[in-house]
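Open the model in your viewer and keep the sequence panel beside it. The stops below say what to select and what is there.

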Amino acid sequence: MIPTRKNRKSSAGLSTSVTGIASVKEEKRSWPHQLNALFIGLILVQFIIWFDEYWLKDTVYLSFFAIGLTLVLELLTLVPAPVRVLLQLVGIIAAHFIWLEGFLPWSYVADGMAGRMELLQYNLGIMDPFIWYVLAVWAIYGSLLRGLTTQYRLFCFILFSLFAFAIMDSFSPLQLWDQIAIVLGSGLCMLIVRHYADLQKKHPVSWQAMLRKPMRILLPIVLTGVIVLSAGFAAPTLSPVLTDPYTAWQHAKGEPVGGSGKTEGSNPDSKVSETTKKSNTKSGYSRNDEKLGGGFDYSFEPVMTVTSSAKSYWRGETKSNYTGKGWKKGSDEGDRDLTGFNTELPKYSGFNASKLETEEVVQRFAMLKPHKPILFGAKGLERMVDEDTSVTSKENLRITWIPREEELRWYAPGYPASYEVVSQVPIIDEAALRKVPFLTNPGEELQPYLELPRILPDRVDKLAKEIVKDAKNPYDQAKAIETYLSITYAYNPKPDVAKAKSYDFVDGFLFEMKEGYCDYFSTAMAVLSRSVGLPARWVKGYASGTTPIESYDIRGTVPPEALADVDGEREYTVRNSDAHSWVEIYLEGYGWIPFEPTAGFSMPLPMPEETAVTPEVEETPEAVTPVVEETSAWPKAAWISVAALLLLLALAGAAAYFYRDAIAEKLGAKRGPAQDRANQRVVAEFERYLRFARRKGYPRGEHETARETVARWSREYSWLEKDLLALLPLFEKAKYSPAVLSDEELHAALGSIQSLRTAMK
């Protein structure tokens with residue numbers, strides 16, 4: 001049968017309809033899937049950031065790549081799903097080969113199946129164990145993409161994620177506030193996507209009407225977001241009012257809390273008093289410095305007394321590996337066991353201190369609190385004279401000396417109640433030190449003391465170079481950095497850690513917090529010194545302590561025995577509050593010279609008898625201009641508030657433009673004669689009902705009268721016809737007729753409106 005013109009037209013229309021239906025189905029399938037892929041990927045990235053504390057860096061980077069590759073390919077919805085999965089798997093495996101740099105080509109082995117199998121086994125073995133973690137992340141991503149298809153599942157996934165992050169943030173040292181915010185925002189966006197996907201499926205006409213005028217939906221969303229964000233940026237930073245659950249939990253167990261951006265300090269080994277009301281640790285000597293930060297309360301509990309021929313700092317440990325968050329121990333290679341006492345402590349041959357002049361200082365330590373395995377002493381330890389006389393068995397006695405780090409350690413049973421050491425304390429001859437030339441080839445021995453994290457912000461390096469720009473020798477460079485830190489930043493045992501947004505400890509201190517205690521100052525000086533090529537290492541121990549005279553109140557009477565001076569010796573009482581850290585800078589020919597950058601502290605070091613030569617460049621507060629990001633007279637919050645206000649005005653203008661007809665109608669409407677309250681109420685409720693219907697996807701045409709709207713809705717939505725036809729005459733009577741509605745008519749109109757609202761939900 002030959003099709004007629006009419007049949008051909010019908011066939012063409014049918015074909016067009018089928019094509020349109022297919023494209024609609026493709027649209028329904030693609031855009032929610034693409035957006036969900038983006039938001040699920042963002043949530044998984046937050047989990048990887050959490051696991052970064054425990055995973056190898058290679059695993060973290062490869063996991064990020066797997067998520068990114070999966071997201072990109074999932075956005076290509078025209079590619080069949082099996083092909084996308086295959087491309088993702090191949091890309092992940094290839095990334096392992098490239099990243100791990102271990103792939104060998106077939107030409108590396110002899111021909112034959114056995115050789116090829118051996119090579120294949122070798123290449124696959126390179127990926128272990130990284131591949132298993134990355135494949136797990138990829139499988140979870142794919143499962144979530146194809147499994148989160150209902151609102152119930154979405155709610156469960158979001159609540160589980162928030163619950164997991166909240167538990168880890170509250171009951172661990174990890175700080176996951178940013179991750180919680182991103183998970184919550186991504187989850188809400190996924191719920192919105194789910195809502196509009198359902199709207200497109202169940203109410204296609206309303207969906208098409210919304211697409212024609214998207215600003216009516218987007219403007220309220222954008223306005224709400226701008227108002228909330230502006231209020232958040234403009235709000236002042238406040239300290240926590242309630243104790244963090246992790247802190248409260250640790251306190252309940254009687255255990256200390258280490259600092260990791262929480263409300264505690266950086267002293268995990270110190271004990272927290274049961275009567276402590278504030279969420280800070282007590283001051284004291286800590287062994288764990290991998291995560292510095294937080295604050296502390298002063299503890300004045302004595303830990304040792306030192307009888308010394310000269311006042312000094314009591315050196316404990318040295319650390320050289322700065323991670324961006326804290327310090328880790330360097331190499332202990334070359335440590336030596338001492339076979340007896342009165343033994344010379346050998347110097348490390350890799351450091352040149354041949355020009356250094358020293359002064360002998362004898363110290364006797366009476367330990368009131370064990371610090372095993374650390375033994376303390378003034379800078380320049382030379383020999384250990386005597387051990388604790390209470391040690392009766394010497395079979396297991398072991399004392400170790402680490403020449404490279406100048407550390408003395410006790411590995412015997414117990415801990416000595418007292419011991420005596422002799423130090424050759426360096427004499428600081430500034431005139432001689434200013435003649436030391438710059439290092440042109442630091443050598444392998446000094447490389448660990450010049451290393452910096454790869455992700456150290458550039459502004460730290462710029463600030464270091466700005467500070468030392470006028471210094472003509474390494475010593476003046478170190479003094480410039482020392483002076484700059486001590487006069488620019490405030491000492492505060494409880495700094496506001498909420499100000500620090502940077503991922504780097506030093507960067508946050510220098511540019512955001514601008515206050516702190518010794519760990520902040522000393523770490524900053526070490527990093528700034530390394531930035532300009534000065535080998536630096538971080539040293540921790542105790543400050544000098546106080547003599548009996550210094551301990552007495554100035555209004556009291558000092559007893560005569562406190563004034564006694566036996567051979568120039570004095571006894572110093574060292575307390576937890578004297579725990580301290582400082583910096584040592586290497587100067588060729590003079591070795592490691594100590595510096596004190598902490599505001600309010602002064603390191604006691606012997607000077608030559610002759611007055612030191614006046615420095616060529618005297619550092620003053622005006623001589624150094626800090627390198628900071630561009631600033632202005634207005635604070636950042638003020639600029640943000642002004643920008644937000646201008647944006648609000650622009651959005652308000654746009655809203656007025658898009659709703660100009662409605663506004664003109666409202667402003668230009670003429671009121672008729674006085675009407676009864678019943679008439680006014682029906683008119684108001686009918687208009688409220690029309691706005692409600694528009695929100696539910698039942699739009700009213702811009703130029704439609706109420707009668708035209710009711711007629712169209714009655715045709716398109718048959719289940720509304722009865723109530724619409726009953727409501728229309730009552731509305732027209734209330735709005736246009738001088739007659740007053742009776743009570744029965746009022747109740748009938750309100751009942752019809754309520755029925756219509758229920759049917760549209």
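Two strands count as paired if DSSP finds at least two bridges between them. With that in hand, select Y586 and W592: W592, in β20, is the bridge partner of Y586. The model on screen is a predicted one.

**Whole chain**

Before zooming in, colour by secondary structure. The chain has 22 helices and 20 strands. Of its 761 residues, 43% are buried. Take the contacts between residues at least 6 apart in sequence: 74% of them join residues at least 24 apart.

**The β19–β20 hairpin**

Select residues 579–587, strand β19, which runs antiparallel to β20 and is joined to it by five bridges. Three residues lie between the strands of this hairpin, and G589 takes a positive phi near 90°. Now select residues 591–595, which form β20. Is this strand enclosed or open to the outside? Five of its five residues are buried, so β20 is largely enclosed by the rest of the structure.

**The sheet**

Extend the selection to β4 and β17. Together with β19 and β20 they form an open sheet of four strands, ordered β4-β17-β19-β20, with antiparallel pairing. Which strands stand at the edges? They are β4 (314–319) and β20; each has a single partner strand, so one side of each is left without a neighbour in the sheet. From one strand to the next, the twist averages 35°.

At the β4 end, five bridges connect β4 with β17, and the two run antiparallel. Label R315 to find the residue that stands opposite G541 in β17.

Next show the helices that pack on this sheet. α13 touches β19 and β20, and its direction makes about 25° with that of β20. α15 also packs on the sheet; it touches β17, β19 and β20, with its direction at about 15° to that of β19.

**The largest nonpolar core**

Show side chains for L485, L510 and I585. These have the most contacts inside the largest nonpolar core, which has 47 residues. Elements giving two or more residues to this core are the helices α11 (430–433), α12 (458–467), α13 (474–488), α14 (505–513) and α15 (518–531), and the strands β17 (536–542), β19 and β20. Which element supplies the largest share? That is α15, with eight residues. In soluble globular proteins, nonpolar side chains tend to be buried together.

Centre on L510. Leaving aside neighbours within four places in sequence, L510 is in contact with V460, L463, L485, Y489, A524 and L528. Apart from this core lies another, of 34 residues, among them I40, L162, L174 and V183.

**α12 against α14 and α15**

Hide everything but α12, α14 and α15. The axes of α12 and α14 come within 10 Å and cross at roughly 70°. The two helices are therefore roughly perpendicular to each other, given that angles of 65 to 115 degrees count as such. At their contact, R459, V460 and L463 of α12 meet D507, L510, F511 and E512 of α14. By class, the residues of this contact are four nonpolar, no polar and three charged.

Turn to the other pair. α12 packs against α15 at an angle of about 80°, with the axes 8 Å apart, which makes α12 roughly perpendicular to α15. On the α12 side, select V460, D461, A464, K465 and I467; on the α15 side, select V527, L528 and S531. This contact has five nonpolar, one polar and two charged residues.

**M168 and W50**

Move to helix α6, residues 151–170, and select M168 in it. How far apart are M168 and W50 in sequence and in space? They are 118 residues apart in sequence and 9.0 Å apart in space, C-alpha to C-alpha. Not counting residues up to four places away in sequence, M168 touches W50, Y54, L174 and L176.

**Helix α20**

For the last stop, select residues 706–716, helix α20. Which residues of α20 are buried? They are A706, T709, V710, R712, W713 and S714. Add α19 (677–695), α21 (721–736) and α22 (743–760) to the view: the buried residues of α20 pack against these helices.

Note on methods:
Residues numbered from 1 in each chain as written. Heavy atoms only, no water. Buried < 20%, exposed > 50% of the residue type's maximum accessible area, 1.4 Å probe, protein only. Contact = heavy atoms within 4.5 Å. Core = buried A, V, L, I, M, F, W, Y, C linked by side-chain atoms within 4.5 Å. Axes fitted to C-alpha atoms, helices over the stretch in contact; angles between N-to-C directions. Parallel < 35°, antiparallel > 145°, perpendicular 65-115°, else oblique. Nonpolar A, V, L, I, M, F, W, Y, C, P; charged D, E, K, R; others polar.
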